[in-house]
Amino acid sequence: MRVMVAILAAVWVAAYGWTQDGPSDAEKKAAYVEAVTRGEGFMPWQTPGPSEEETAFRRAMEERKDAMLAGRTPLAHPVLVLPGARDTALQLIDANPRTAAWFNAIKAQADALIAQGPGFVERMIPELTPTNTYGTTCPQCVGVKSQEGEGHGLIAWTWTEPESLVCTKCGQRYPDPQYPETATLIAPRMGQSFTFYLNDAERAQPEDRSGKLAYHWVGYPIHVSFTGLIRENKVQFMQAALEDIALSYWLTQDPRYGELGVAVLVRFAKCYRNWLYHDYWDTYADCDPLYAAWHDKQLPLEWKRHLCAQVFDKDSLTAARMEQSYWGAGRIHPSTDSISALPSMLLAYDLLHDAPRWTPETRAQVERDFFLEFVMGAEPFVGGADKAENVNNKSPRLYNAFAAIGKCLGLPGYADVALRGYEGVRDKSFLYDGFSKESPAYTNMYLSQLIAIPETLHGFEWPAGFPGRSGRVDCYSNDPRLAFMFRAVVDQRRPDGRYLPLSDTNESSAPSGFILDVGARRYPEWYVGLRGGAGPANTYTLLNPLAASTSTATEPPEIYFPAWMNAILRHGAGTNAAVLSLPFSPPGGHRHSDNLALFYSDGGATVLGDHGYVGDMPVNQWIRSTRSHNLVVVDDGEQNHEGRVPSFEYMAATPEVSLVQASSNAYPQCARYQRAVLLLKGPEGKTIAVDIFRVSGGRKHAFRVFSELASSDNPNGQLVFNGIAMPDEPPLPQVGSSLAKDDIFGLRDVRSVTGPPAQWQAMWKEDKRACRLWLCSPVSRAEASNGPGQQSRDDAGRRVRYVDAVREGENLESVFVAVHEPMDGPDGARALAVERLEATAGGPDAVALRIESAWGTYHVLNAFSDAAQIGDLWFQGAFGIAFEDGTDRWTWSLGASTLRRNDNGFDGASARWSGTVTAQQELQFSTDTARPEGWPLIEDQNTAYVRVFDGTYWTGFPVSGGDAQRITVDRFPLPVLKEFDYPALRITRTDNG
């Protein structure tokens, strides 16, 4: 090897004219980058073999392994299952056809793997490091049927055809000589080489190795290695298959399964030890992989390997960085190293503990070179050995692995780190209402791994004298915040069980099966019935069968999450129930600039949508933008994300109507940015939404509405207008899978009507559904357009239709009044007539609407600072509603001092109870202001909210009771409070006869 280096050095001296003094560091860096991006190996100045630093580091880590294993707690395996679990599982398999079918399928696959014969395990777990699946592009159909950097789901692989991949969009099979892997990346220190495909532009300009011609993913150059993808798929398949093999052995005691399981674990131990550390932007560390995980920000330049020159721009000869931390790096899969699979593999080891073919040497190899090597590589991400400092959304998977290895190998130190990590994530990344500081989908991402920690460690007994711990772990009894996190999951669902597609939440996202299974076991009062099925059909439910329960799944409630700051109004039951959401959350990870956006689903169809999230794709520029949402866009700009301070103002939920009002400083030029939404509730779950949006400040206000109905994937979809002559719509653009900026961001084909009447309508029509917007405000211009509507990787190029009601001028003051009417087909009207009534006598903000619905007539009154008469109604206050039909008549008010129809109603009543908080408990606070005389009681089925100030935010809590100077709230624990404001909710009924 040294002879080869000497020869190579001579070649380089001749080529670059380096003198005896040698090249400068800058020359070395330039030469290195040029060489490595063109497939060269050792540099002339490199010394083969491990460095002193690597050797010393490895020695210290192996000594740590020795110490941990020497001090382990004695165990009787299996320890990751309940006592008697095998007998119970066999009884379930024998008695339950669904469980039997599931287990027979597992065993059949294990049989098929055994039948592959000698060499199968070695072929499926190769010695060469897997490569990166992120940002995968199909060169055959990119820009036509698939998008550049589409990644997950684009390429299909199956273990029965393990040496090939198939594009799910065009059917192209890889590898294929038509798409050769002509680029080589060499890691000479570790003796590994990787091949990659260069696209047409790169092959046409081979001198340009900058990376600008490469495919890109999330702005970074990236290359596809079809052979590397095959290796990763193989390895991840074997990770997952191991649990099935182990279950087959444990339940049948057939030694064939045990021998296969042991062989898989031993092979993983042999290969994992030498797989290179790499990140999801194709950077490889050419050094001891454990050393790389601990020193990824400070490597010698020659240890950093990548095919693109621009990746080295910020590096020096002695200080190079991986392009991503352990967040997006690892040895198997470059996202926390696929560590979420480790607990399953530890369970398999636990079940295989008495299998044949184990020797002391192979057992030690698996425990040291696989399990401990795996978790020690993860430690820097959480702060180092024995640390639990990281609380981001990927950290729970590490703590889950620490919990599993701590319990399985008898290492209480790791169990302690796991529990401290759980507590840190719970306290710092979750809010007091049970929601995370991120989006619904990312809350699910946290919880899917976080809840496994108290579940895995449940019953774990701390050794005598363990610092700070004693007794047995039981978070279900001792941690009330865990219950809040579980309950938040079920209460934010849509009627069909999916999450609301808010912020970074894909349209199809739903609670993970593991959350539902653990929830059904630990909190049956909220979860039983949500999973469905007629018996255990996965490993968790087989090993943890449900006890008999009388609980049944209930409809999600109307709710406001006081820390997440999102209101969810509902009506009806079952999958066709209506749900309306108004998010106005503070800033947080994976949240959008969308304060006061509106999401509305009715009758099983999304009426007013939110595009959600499409992974790490360029289309997210539009999806995350303020301008893609149902709200008011000010000055064509984006809302302030980081500095926004939203404010809860009103909420009440009753069988007749529910409402929420909130505001935000989302636009710094606006003194007011406030929205009130009322959900009017009719028979059979039918609803109509009243929308009042007030904005002060700026020069342009665009009240923007789009519907998921009548999108481009519905060939008969139309947007039609009544009351204005909107120019004809051109055909919707067919942008396909293009990622050109104009195709994935902004509105197109804008057509307009200047000076429209004060009231007009727009309707999104399909064959079986429709949605009508009744706009009841004077505006400068009405506009119609189309914009990107992609919601997943499978609907690239989808377009939706937008309507804008625009006002322009200096220091604008706008009050947009609208009615959103879901319709059961284009002829299935619910709102027969909508009229905005003259209300100036009520004050400058006063709004009055008359809505004649299919089930009765509503008068909606809002923001009357002065008492005024509207028809036969007198009103003063925040909100008042009067309803009548042939048999029923009622009035409904919130924060009102007067609401009277003829001689029925009230005058001069206390509209609100406000004051300073003087003392508080978890669900109750006291005030220095006595309750006003005649204060209305809260009736069953009605929920009134008290507004409270915690020093930063005004938020709200549902009131359950109280007395003269105390208010008791329901559901959520109170933060430290300073002030409160409680509007009176009054409902009166009179007989029309």
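Which residue's side chain does arginine 209 meet in a salt bridge? In this predicted model, the partner is glutamate 202, with an N to O distance of 3.5 Å. Both ends of this pair are shielded: arginine 209 is buried at 8% relative accessibility, and glutamate 202 is buried at 3%.

Colleagues, that pair belongs to a wider set, as a search of the whole structure finds 68 salt bridges. I shall discuss two others.

The first joins arginine 368 to aspartate 66 through their side chains, at 2.4 Å from N to O. Arginine 368 sits in helix H12, residues 360-378, and aspartate 66 in helix H3, residues 52-70, so the contact ties together parts that are 302 residues apart in sequence. As for their surroundings, arginine 368 has a relative accessible area of 18% and is therefore buried, the cut-off being under 20%. Aspartate 66, in contrast, is partly exposed, at 40%.

The second pairs aspartate 491 with arginine 971, whose closest N and O atoms are 2.5 Å apart. Aspartate 491 belongs to helix H18, residues 480-491, while arginine 971 lies in the loop between strand S40 (966-969) and strand S41 (979-983); the pair therefore ties together parts that are 480 residues apart in sequence. Here aspartate 491 is buried, with a relative accessible area of 5%, and arginine 971 is likewise buried, at 12%.

Finally, which residues do salt bridges with shared partners join into one network? They are Arg58, Glu62, Lys65, Asp66, Asp288, Arg331, Arg368, Asp369 and Glu373. Arg368 and Asp66, discussed a moment ago as a pair, are among the members of that network.

Conventions
Residues numbered from 1 in each chain as written. Predicted model: local features only at pLDDT ≥ 70, side-chain atom pairs only at ≥ 80, totals over all residues. Heavy atoms only, no water. Salt bridge = Lys/Arg side-chain N within 4 Å of Asp/Glu carboxyl O. Helix = DSSP H or I, 4+ residues; strand = E, 2+ residues; numbered from the N terminus. Buried < 20%, exposed > 50% of the residue type's maximum accessible area, 1.4 Å probe, protein only.
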